[in-house]
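I opened this structure to see how its helices pack and where its nonpolar cores lie. My notes follow.

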Amino acid sequence: MNITRGICLVFGKVNHLKDRLFSPKNLLYTNVAISTSLSGTGDILEQHYEILKGEWDKWSFIRTRNMAISGMSIGIVCHYWYNFLDARLAGRTIGIVLKKVIIDQLICSPMCISMFFITLAVLENSNWTDFKNEIRKKAHILYIAEWVIWPPAQVINFYWLPTRYRVLYDNMVSLGYDVYTSHVKHNTETAES
């Protein structure tokens, strides 16, 4: 009987914490924290993989910090984007979901890719020429990957999840994508092509 009561108490506290974190009052902060931490985690995973392959000597805190900050900026964009999109296209019919997916891919994906490169250019003190070259050489690679990964993921997101959980779900899917964005961003072969 005490074990059952203890389990119920734990679930009650977890549920209370979830309700507080995903409440309208705290949702922006929660979404930003999730986006920041998972973007940094994605970079740490990618860096460790590069170290194992012999491409890097050691982990770079500055690179992870910059990737985490780019995640923060994208988290802010996504927070407001999902609220805007759900307010404009309410409902969960397959027609509405597919409209949201297409609009998301045509508007939000390029916006997030741009925000990613802009944030990192500012943090890395890139000049205008380097920034334009990086966009020209790398942005289309990420956009193609976006069209492979996100439409199926966003069907699930828009069909089953309430707005307040969209950024959390997005970031859970994005953890693997964050590893890839870090790879594309820091891959010297891509930069030279």
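**Helix 5 and helix 6**

I looked up how helix 5 and helix 6 run, and they are roughly antiparallel to each other. The model is a predicted one. I found that the two axes cross at roughly 155° and come within 11 Å. An angle over 145 degrees counts as roughly antiparallel, so the label fits the crossing of helix 5 and helix 6 at roughly 155°. I noted the crossing of helix 5 and helix 6 as right-handed. I then sorted their contact by class: 13 residues are nonpolar, 5 are polar and 6 are charged.

**Val-173**

I picked one residue of helix 6, Val-173. Is Val-173 buried or exposed? Neither: its relative accessibility is 26%, so I put Val-173 down as partly exposed. Beyond its neighbours within four places in sequence, I found Val-173 in contact with Ile-149, Trp-150 and Ala-153. I also checked Gly-75, which is 98 residues from Val-173 along the chain; their C-alpha atoms are 13 Å apart.

**The cores**

I turned to the largest nonpolar core, which has 28 residues. The members that touch the most others are Cys-78, Tyr-82, Cys-112, Phe-116, Phe-117, Leu-142 and Phe-158. Helix 3 (61-88), helix 4 (94-123), helix 5 (128-160) and helix 6 (166-186) each supply at least two residues. Helix 4 gives the most, with 9 residues.

I followed Phe-117 further. Leaving out neighbours within four places in sequence, its contacts include Phe-131, Ile-135, Leu-142 and Lys-185. Apart from this core I found another, of 5 residues, including Leu-27, Ile-34, Leu-38 and Tyr-165.

Note on methods
Residues are numbered from 1 along each chain as its sequence is written. This is a predicted model: local features need pLDDT of at least 70, side-chain atom pairs count only at pLDDT 80 or more; totals for chains, interfaces and linings use all residues. Side-chain values use heavy atoms; hydrogens and water are left out. A nonpolar core is a set of buried Ala, Val, Leu, Ile, Met, Phe, Trp, Tyr and Cys residues joined through side-chain atoms within 4.5 Å. Buried means under 20% relative accessible area, exposed over 50%, partly exposed in between (1.4 Å probe, protein chains only). Helices (H or I, at least four residues) and strands (E, at least two) are DSSP runs, numbered from the N terminus. Contact means heavy atoms within 4.5 Å. Axes are lines fitted to C-alpha atoms, for helices over the stretch in contact, and angles run from 0 to 180 degrees between N-to-C directions. Angles under 35 degrees count as roughly parallel, over 145 as roughly antiparallel, 65 to 115 as roughly perpendicular and the rest as oblique. A crossing is left-handed if the near helix is turned anticlockwise from the far one by less than a right angle, and right-handed if clockwise. Ala, Val, Leu, Ile, Met, Phe, Trp, Tyr, Cys and Pro count as nonpolar, Asp, Glu, Lys and Arg as charged, and the others, Gly among them, as polar.
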